[in-house]
Each structure stands twice: as C-alpha cells, then as structure tokens.
Amino acid sequence: MRRLPVRLLRSAAAAAALRAPAIFHGGFPVTPALHPAASASVPSSPSTDLSRWPQRRGYSQFASGFTPLKPKPLGSIIDVERAKGLSPEHLVAAWDDYHLGRGHIGASMKTKLYHLLEQRSSAYRHFVIPLWKGSGYTTMFMQVQMPYMIFTGLEDYKARGTQASPYYTVTHYTEFAETKDTVLIRGDVVFTSKLTDSEAKTLLETAHSFYLNDVRYKLMERFNKETHEFEFRDVLQVLDMPTM
C-alpha cells in the first residue's frame, strides 16, 4: 500500500510543538458542556467490596482548574487540502504512521460508528473503566462531550475534585466523515508517568466499546441512570478481568 508522502504532514517544527511536554496547556478545550450534571456521582473506592457499589457524591466541574484554551485543529497536524486527494485507505495509513512513536495515539473509525458514538454519549457522558497495569488494575474516570473525551484516575478525582488533572485527552476529527466515510482520532497522553502509549490505546478502544457494544452499553446506562443497581464487578467480568 502506498504511504502518504511526508510532505503532506506539517513542518518538523510544528510536529515538535505537538510533542511538547505540557500538551494539556494547548490541546484540549474545557467547555461548560464538559461539566457533568450534579446528579452523576463517583464510587467511594474501586477496591471496596465489588458486590456493593457505595453511595456516591455529586460531580462538580471536573478539570475546571485548567485554563480553557483553543482545541488543536486538524490543519495543525496535516495538510488538509492535500489530504483531500487521498483515498480513505491511504489517509488512514498515513494518519496511523504519523502517530507511531510520537507520544500520541492515532486511530480512526467509520462515520456510521461515530454517529452512534455521538448519539449514545450525548445521553451518558461518564463512566469508570478498569485499566490493567502489571498484576492488577487501576480505575479511570471518563467524561465525554463529543468530539472530545477526557480521562483521569478515579483516585485523583476523589482526592482533588475540580483540580483533578486529565491524564489523557482524545479528539475526534470529522472533516472527512462525509467525503471519505472516515473519522480521524487523536489521543494525547498528558502524563506519561501515568499512562504508556499502549495503555492509552487500550483505554481508547475500551471506552469506545462501552458505547458501541450493546451489551457493554447497558452497563454504562446503569452507571448513569440506575446507579443503585450498578456493580463494578460487572464491568470487570465483561472485560474478562478478575474480580479480586
């Protein structure tokens, strides 16, 4: 398969800027719509008895301690005009190749799946996802306001509230959704000490699956709508993780 010419991508200087350590200072917009509703809540502890989901307190403006900044447009990553002349296959191949080894995650999805993700996430914006690390798992808290997703550690959110730092941000680009049936996806790991690229990719795939898989989506619905019936062990089981 022919790869996208390197000249399609922006200059090396721009690419270097994308790799700046303080990526969260310029890559993710914190908008009022990202602030969860007061009716949602988080678990007291992911390590408590998993047969009972403890009483949870209301959310309040997660990540509001960060200054709102402009989102990173697709045009700052690739030459959009040149990309218009590529086939969907070549565009996806180039996007994936560009993000290899750069501290970012590159992915894509079909437009139909994106629309389903958009529809379902508008109803249920929050979830807790166990991420396997070494010999155990850590629990991540997710918020979604399409085209954005943000993730932080559940323990950090419980400890710091509105000042909890995003570990990982994801942006979905819809510029080619209609013309190429392709939505490009970029993930930026804010704290590499918290997440490896491999873990970030797994987290993104898992987050998508809870919206796009009907069985898993029922768990998300229960977490957001019927919290008294939600059991974290069900999430572990559907992901084939031990319930400790």
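**Reading the labels of a predicted model**

Biologist: Ser-121 is found in helix 4. What makes this stretch a helix in the first place?

Modeller: Helices are DSSP runs of H or I with at least four residues, strands are DSSP runs of E with at least two, and both are numbered from the N terminus. This is a predicted model, in which local features need pLDDT of at least 70 and side-chain atom pairs count only at pLDDT 80 or more, while totals for chains, interfaces and linings use all residues. Residues are numbered from 1 along each chain as its sequence is written, and side-chain values use heavy atoms, with hydrogens and water left out. Counted with these runs, the protein has 9 helices and 8 strands.

Biologist: Why is Ser-121 called buried?

Modeller: The label depends on relative accessible area, where buried means under 20%, exposed over 50% and partly exposed in between, with a 1.4 Å probe and protein chains only. Ser-121 comes to 1% relative accessibility, and therefore counts as buried. Other buried residues of helix 4 include Thr-111, Tyr-114, Leu-117 and Arg-120. For the protein as a whole, buried residues make up 48% of the 244 residues.

Biologist: Why is Gln-119, by contrast, called exposed?

Modeller: Gln-119 also lies in helix 4, which runs over residues 111-123, but its relative accessible area is 54%, so Gln-119 is exposed. Its C-alpha is 9.3 Å from that of Met-146, 27 residues away in sequence.

Biologist: How do you know that the length of helix 4 agrees with its number of residues?

Modeller: The expected span of a helix is 1.5 Å times one less than its number of residues. For the 13 residues of helix 4 this gives 18 Å, and the end C-alpha atoms are 19 Å apart, so the two values agree. Helix 3, with 12 residues, should span 16 Å and has its end C-alpha atoms 17 Å apart, which also agrees. Helix 7 has 16 residues and reaches 22 Å between its first and last C-alpha, close to the expected 22 Å.

Biologist: What does Ser-121 touch outside its own neighbourhood in sequence?

Modeller: A contact means heavy atoms within 4.5 Å. Not counting residues up to four places away in sequence, Ser-121 touches Val-144, Met-146 and Tyr-211. Phe-210 is 89 residues from Ser-121 in sequence, with the two C-alpha atoms 9.9 Å apart in space. Across the protein, residues 24 or more positions apart account for 67% of the contacts with a separation of 6 or more.

Biologist: Why is Met-142 buried or exposed?

Modeller: Met-142 lies in strand 5, and its relative accessible area is 0%, so Met-142 is buried. Leaving aside neighbours within four places in sequence, Met-142 is in contact with residues including Phe-127, Ile-150, Ala-207, Tyr-211 and Met-220. Gly-153 is 11 residues from Met-142 along the chain, and their C-alpha atoms are separated by 8.8 Å.

Biologist: Which peptide bond links Met-146 to the residue after it, and where does that residue lie?

Modeller: A cis peptide bond, with omega of about 15°, joins Met-146 and Pro-147. Pro-147 lies in the loop between strand 5 (136-145) and strand 6 (148-153).

Biologist: Why is Asp-181 called partly exposed, while Asp-240 counts as exposed?

Modeller: Asp-181 has a relative accessible area of 35%, and so is partly exposed, whereas Asp-240 comes to 71% relative accessibility and therefore counts as exposed. The phi of Asp-181 is near 55°, a positive value in a residue other than glycine, and Asp-240 has a positive phi of about 60° although it is not a glycine. Asp-181 is in the loop between helix 6 (177-180) and strand 8 (183-189), and Asp-240 is in the segment after helix 9 (232-238).

Biologist: What makes a residue part of a pocket lining?

Modeller: On a 1 Å grid over the protein atoms alone, a pocket is an open set of points where a 1.4 Å probe fits, with protein on both sides within 12 Å along at least five of seven lines, and lining residues have an atom within 4 Å of a point. The largest pocket has a volume of about 300 Å³, a volume being the space filled by probe spheres set on the points, which are joined across faces, edges and corners. Of its 18 lining residues, the closest to the centre are Ile-105, Gly-106, Ala-107, Lys-201 and Glu-205. Helix 3 (88-99), strand 3 (104-109) and helix 7 (197-212) are the elements that give two or more residues to this lining.
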